[in-house]
Amino acid sequence: VNQSAIPTEWCIDTHTDARAALAAYRLPARIDFGSVLAPVMVRADWRDGVWGRARLQAYAPLALDPAALCLHYAQEVFEGLKAYRVATPTPVIFRPDMNSARLNRSAERLSLPAVPEPMFRAALRAISAACAPFIPGASGQSLYLRPLLLGTQATLGVNPALEAVFLVIASPSAAYVTRPLKVVIERSATRAAAGGTGDVKAGGNYAAALLANAAARARGFDQVLWLDGGEHRYVEELTVMNVFAVIDGVLHTPSLTGTILPGVTRDSLLAIARRDGLTVHERRMGIDALLAAIRAGACTELFACGTAAIVASIAELADADGSRYELSQAPGPMAVRLRARLLDIQEGRAVDEFGWLDPVPLPESSDAGT
Ligand code: COI
């Protein structure tokens, strides 16, 4: 992470309505994932090929032209990352450089303008600093940051928007997943095909996954496990999480073949595992071999990971024909250990040896410590 100061031309203006909204805000006693929203947001507008100055303003509905391109042709991409304030004196944002790079890969794929990295980081710091007093501080909690980028030009012509809006909203949150998951293998629908948008964070990917996930939920499952779109033979991901298996004591995860979202948590767990001297195989993972390994007792653990979910163990995998594959350990020792190591870094209990934390400077008068 480049922790250097952000050049002044990217500094965020604070609108007076933001101060009023912050002063009036009270954090509800109960928080889950994503339903409590912070009272401020960052907004920047792109027009004539240039970004206007980003500003922190009161959280409010957007005025969008009903012909805005994002509403018709789904020209929208987003990110998810977190600011933590558990054992650190000031908030820290986890690996914003990774999310900045991925946002711009997503933007390029969806013909949206790139968001300059200094503006992205300044926006995240500004909203995290403003919300510092109500970043929940229990382990597993954080300020979930949700940057989004949308094509707003009003036209029904199918062309890249000549106007776009970049926003960052935030949500004081708990972990998205809190108990072992029951997952069903999706044998017919496809999340992503080669050359498509599966490896970028386009909102449309999630819309297209809703139907299969709702059908799974109606049958008592939590998530679907997507297979590759070509042959439906290889394990890909879980819509909102990447997936890992422990087979004969060794960690395996699907390699990034171009149809899987490259998760920042996935990357972080791989780095931690390798640092700890664990063997990790990133490879194409056949579903039939995986099921056989569970049956034979060689695969002892399955778990999923994501920014929102952190690390979530999988208790059971079910196939379309109704056969069920229970994991002997859920959560198993590998998931427990990697989750703890990751949270120790994110929450400030361990040395940030990878340089993953971007400390958020707070204004002198801030009461974030109270
Ligand atoms: C995240 O983990 O940040 C995600 O993107 C999952 C979210 C869509 C709930």
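Which residues in H6 meet which residues in H8? In this predicted model, Thr265, Ser268, Leu269, Ile272, Ala273 and Arg275 form the H6 side of the meeting, and Leu338, Arg341, Leu342 and Ile345 form the H8 side. By class, the residues of this contact comprise six nonpolar, two polar and two charged. The axes of H6 and H8 lie 10 Å apart, and the packing angle is about 105 degrees. With angles of 65 to 115 degrees counted as roughly perpendicular, H6 and H8 are therefore roughly perpendicular to each other.

A further helix pair is formed by H3, which spans residues 96–109, and H4, which spans residues 117–130. Their axes are again given as 10 Å apart, here with an angle of about 125 degrees. That angle makes H3 oblique to H4. The crossing in which H3 passes H4 is right-handed. On the H3 side, the contact is made by Pro96, Asp97, Asn99, Ser100 and Leu103, while H4 brings Glu117, Phe120, Arg121 and Leu124. Sorted by class, the residues of the contact of H3 with H4 are four nonpolar, two polar and three charged.

Attention turns next to enclosed space. The structure holds three cavities of 30 Å³ or more. The largest cavity contains about 80 Å³ of space. Its lining brings together Leu81, Lys82, Tyr84, Phe94, Asn99, Val264, Thr265, Gly306, Thr307, Ile310, Leu342 and Gln346. Several of these names will be familiar from the helix contacts: Asn99 belongs to the H3 side of the contact with H4, and Thr265 and Leu342 take part where H6 meets H8. At least two residues of this lining come from each of strand E6 (81–84), H6 and helix H8 (333–346). E6 gives the most, with three residues. The lining of the largest cavity has six nonpolar, five polar and one charged residues.

The second largest cavity holds about 50 Å³ of space. It is lined by Tyr234, Val235, Glu236, Pro254, Ser255, Thr257, Ile260, Arg283, Arg284 and Met285. In terms of class, five nonpolar, two polar and three charged residues make up the lining of the second largest cavity.

Open space is represented here by the second largest pocket, whose volume is about 450 Å³. It is lined by 27 residues, of which Phe78, Tyr144, Arg146, Lys201 and Ala308 are the closest to the centre of the pocket. Strand E8 (142–151), strand E9 (163–173), helix H6 (264–275) and strand E15 (299–306) each supply at least two residues of the lining. The most comes from E9, with three residues. This pocket lining divides into 14 nonpolar, nine polar and four charged residues. Helix H6 thus recurs in the description: H6 supplies residues to the lining of the second largest pocket, H6 also supplies residues to the lining of the largest cavity, and H6 packs with H8.

A few loop positions complete the account. Just ahead of E8 in the chain description, Gln141 lies in the loop between H4 and E8. Gln141 and Pro172 are 31 residues apart along the chain, yet 7.6 Å separates their C-alpha atoms. Leaving aside neighbours within four places in sequence, Gln141 is in contact with Ile31, Tyr84, Val86, Pro136, Ser173, Ala174 and Glu347. One of these partners, Tyr84, also lines the largest cavity.

Two details of the backbone deserve a look as well. Ala330 and Pro331 are joined by a cis peptide bond, with omega at about 0 degrees. Pro331 is placed in the loop between strand E17 (324–326) and H8. Elsewhere, Ala74 has a positive phi, near 55 degrees, in a residue other than glycine. Ala74 sits in the loop between helix H2 (69–73) and strand E5 (76–78).

Methods: Residues numbered from 1 in each chain as written. Predicted model: local features only at pLDDT ≥ 70, side-chain atom pairs only at ≥ 80, totals over all residues. Heavy atoms only, no water. Axes fitted to C-alpha atoms, helices over the stretch in contact; angles between N-to-C directions. Helix = DSSP H or I, 4+ residues; strand = E, 2+ residues; numbered from the N terminus. Parallel < 35°, antiparallel > 145°, perpendicular 65-115°, else oblique. Left-handed = near helix turned anticlockwise from the far one by under 90°. Contact = heavy atoms within 4.5 Å. Nonpolar A, V, L, I, M, F, W, Y, C, P; charged D, E, K, R; others polar. 1 Å grid on protein atoms, 1.4 Å probe; cavity = no way out; pocket = protein on both sides within 12 Å on 5 of 7 lines; lining within 4 Å. Points joined across faces, edges and corners; volume = space filled by probe spheres on them.
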